[in-house]
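Please take a moment to look over the sequence and the structure before reading on. The paragraphs below go through a few places on the surface, one after another.

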Amino acid sequence: MVRHQPLQYYEPQLCLSCLTGIYGCRWKRYQRSHDDTTPWERLWFLLLTFTFGLTLTWLYFWWEVHNDYDEFNWYLYNHMGYWSDWPTPILVTTAAAFAYIAGLLVLALCHIAVGQQMNLHWLHKVSSGLPPSPL
């Protein structure tokens, strides 16, 4: 019986697989690339960074305005006709959006640190409410 040796042995890179898989849905080794990041993906990174700053500002605003929650509820009650506690869902939604965008930004920075090509998955582009790139 003839024994064949494998042609190549690939060291499993679980951390890198998870990093590229979560950020860009590129789970397989052949899908990862050390090529330069495309200009569109750089634009997406800048847009992600800008969105992070806006979300951080919005979260800080709603966190600090907690003394005026009752006045905000009275204002809405006078205009809509029913009482509802709106600041809590706004704060929770803002915190969830901030955590999601912060996670994407950390993954993007990890891509830069390890020298991988950034390729944000279209689902992340759509879920952030931004149109996908034309490429």
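What kind of contact joins the side chains of Asp85 and Asn73? In this model, which is predicted rather than determined by experiment, the side chains of Asp85 and Asn73 are joined by a polar contact of 3.3 Å. Along the sequence Asp85 and Asn73 stand 12 residues apart, while in space the separation is 6.3 Å from C-alpha to C-alpha. The side chain of Asp85 also takes part in a polar contact of 3.0 Å with the side chain of Thr88.

Asp85 itself is placed in the loop between H3 and helix H4, the latter covering residues 87–114. Because its relative accessibility is 41%, Asp85 counts as partly exposed. On the surface, Asp85 gathers with Asp68, Asp70 and Glu71 in a patch of negative charge. Of these residues, Asp70 belongs to helix H3, which spans residues 69–80, and Asp70 is exposed because its relative accessible area is 53%, a value that lies over the cut-off of 50%.

A patch of another kind can be found on the surface as well, where Leu47, Phe50 and Leu54 make a nonpolar area of about 280 Å². To place this patch in the structure, the reader may start from Leu54, which is found in helix H2, running over residues 39–64. Leu54 has a relative accessibility of 49% and therefore counts as partly exposed, since the exposed class begins over 50%.

Methods: Residues numbered from 1 in each chain as written. Predicted model: local features only at pLDDT ≥ 70, side-chain atom pairs only at ≥ 80, totals over all residues. Heavy atoms only, no water. Patch = residues over 30% accessible without salt bridge, like charges linked within 9 Å, V, L, I, M, F, W, Y side chains within 5 Å. Areas by Shrake-Rupley, 256 points an atom, 1.4 Å probe, with all protein chains shown as cover. Salt bridge = Lys/Arg side-chain N within 4 Å of Asp/Glu carboxyl O. Lys, Arg positive; Asp, Glu negative; His and termini not counted. Charge placed at Lys NZ, Arg CZ, Asp CG, Glu CD. Helix = DSSP H or I, 4+ residues; strand = E, 2+ residues; numbered from the N terminus. Buried < 20%, exposed > 50% of the residue type's maximum accessible area, 1.4 Å probe, protein only. Polar contact = N/O pair within 3.5 Å; in protein donor to acceptor, adjacent residues only side chain to side chain.
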